[in-house]
Amino acid sequence: MISGNVILKIEDLKKWFPVRKGLFTSLFSKRQEFVRAVDGVSFEIFEGEVFGLVGESGCGKTTVGKTILRVVEPTSGRVYFKGIDIFKLSKGEMRKLRRKMQLIYQDPFESLNPRMTVYNLVGEPLSVNKLVNSVDEKMKKVVKALEDVELKPPEVFLDKFPHELSGGQRQRVAIARALVLQPEFIVADEPVSMLDVSIRAEILEIMLKLKEHYGISYLFITHDLALARHICDRIAIMYLGKIMELGDVEDVMRNPLHPYTKALLDAVPDIIGGKIKVSIKGFVPPSPINIPSGCRFHPRCLKVMDLCRREEPQLLKVGSGHYVACHLYN
Ligand code: SF4
């Protein structure tokens, strides 16, 4: 089990988005409704760890990543980066700290300005943050970052535009752009889900190599359990804005406790037998505007009890580093 110094600590993080009312709804309803995208999430990430946040689309995992970096502002809660309460920082202080906390997006084509060359894309953060004193120093740092993401020889790529690169090469440029600032922590939001299967392994290997080489910690956001197993040290399973289960990745995979985790694992096709088990009710989660009472998973759970409809289970420790939010275990 991974342990050591905590680089990031999240306490009871919430992000609720107000629902804009239409003419009809504003006439007949005075109550302000909210999309409870993140609804009380707590966890820690250790130095040098890859922590996976796993769940279906719309479960709130991307909003957690963006709120941690204050790309969106939180509704409530606390996030500490190396002990610093980042929600108390001014915009200027946050801008400085963000050098150490970078974000890699799902779609490199969207995150890279199509009118900029690779040299300008990777070099821009250095100039904006005033981290270089000369053109020569800037070039050296850009070349090093390109080598680190294995865009070799770097000279071949410096003058290329994003549309001249493959999807894998674009994602490497996006990683180099983050890496050039020497970050200590990276939020990687589905970083390989837009890439061909053959390219995914290469990008993941680069991310792991950078972790070993520079001690970078990651929050790895994914909907793909198999991918999480490959790259993560620990994972948290998210459902409708909350964590349902958290633990060592192998522990959770081999011994899943929460009925939702079991359902996700059952839905991964068994490559040898080709079997998929259906162990969940309904195809889509309820709306995050009308979160069910008690356990929010209860309308889809095959093990539901009366208590589940009344009381929300807390995320409690059930084993060494293994936590679960379910009345079957509490
Ligand atoms: Fe199912 Fe009840 Fe556990 Fe929720 S608390 S996952 S409804 S058994």
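Trainee: Hi! In what order do the four strands of the open sheet sit?

Mentor: Hi! This is a predicted model, and in it the order is β2-β1-β4-β5, with antiparallel pairing.

Trainee: Which strands are at the edges?

Mentor: Those are β2 and β5, the latter covering residues 84–85. Each of these edge strands pairs on one side only.

Trainee: How many bridges join β1 to β2?

Mentor: There are 10 bridges between β1, residues 6–18, and β2, residues 34–46. If you want a spot to look at, find F17, whose bridge partner in β2 is V35.

Trainee: And what about β1 with β4?

Mentor: That pair is antiparallel too, over five bridges, with β4 spanning residues 76–81. On this side I10 has V79 as its bridge partner, while K9 is matched with Y80.

Trainee: What holds strands of a sheet together, in general?

Mentor: They pair through backbone hydrogen bonds, in either a parallel or an antiparallel way.

Trainee: Okay, new topic: the ligand. Which residues are around it?

Mentor: The shell includes three histidines you can pick out, H258, H298 and H327, along with the cysteines C295, C301, C308 and C326. Also there are P259, F297, K303, P313 and L328.

Trainee: How does that shell split by class?

Mentor: Eight residues are nonpolar, three are polar and one is charged.

Trainee: What kind of space does the ligand take up?

Mentor: The ligand occupies the largest cavity.

Trainee: Is C308 from that shell buried or exposed?

Mentor: C308 counts as buried because its relative accessible area is 8%, under the 20% cut-off.

Trainee: With those cysteines in mind, how many disulfides does a search of the whole structure find?

Mentor: Zero. Take C59: the nearest cysteine sulfur belongs to C232 and is 14 Å away, and C59 is in no disulfide. C59 is also buried, at 4% relative accessibility.

Trainee: Backbone next. Where is there a cis peptide bond?

Mentor: Look at the bond from K152 to P153, where omega is near -10 degrees. P153 sits in the loop between α6, residues 135–148, and α7, residues 154–157.

Trainee: Which residue other than glycine has a positive phi near 50 degrees?

Mentor: K82 is one, and K82 lies in the loop between β4 and β5. K130 is another non-glycine residue with a positive phi, about 50 degrees, and K130 is in the loop between α5, residues 118–128, and α6.

Trainee: How do those two lysines fare for exposure? What is the value for K82?

Mentor: K82 is partly exposed, at 41% relative accessibility. K130 is exposed, with a relative accessible area of 72%.

Conventions
Residues are numbered from 1 along each chain as its sequence is written. This is a predicted model: local features need pLDDT of at least 70, side-chain atom pairs count only at pLDDT 80 or more; totals for chains, interfaces and linings use all residues. Side-chain values use heavy atoms; hydrogens and water are left out. A residue is near a molecule or strand if one of its heavy atoms lies within 4 Å of it. On a 1 Å grid over the protein atoms alone, a cavity is a set of points where a 1.4 Å probe fits but cannot get out, and a pocket is an open set with protein on both sides within 12 Å along at least five of seven lines; lining residues have an atom within 4 Å of a point. A molecule sits in a cavity or pocket if more than half of its atoms lie within 2 Å of its grid points. Ala, Val, Leu, Ile, Met, Phe, Trp, Tyr, Cys and Pro count as nonpolar, Asp, Glu, Lys and Arg as charged, and the others, Gly among them, as polar. A disulfide is a pair of cysteine sulfur atoms within 2.5 Å. Buried means under 20% relative accessible area, exposed over 50%, partly exposed in between (1.4 Å probe, protein chains only). Two strands pair if DSSP finds at least two bridges between them. Helices (H or I, at least four residues) and strands (E, at least two) are DSSP runs, numbered from the N terminus.
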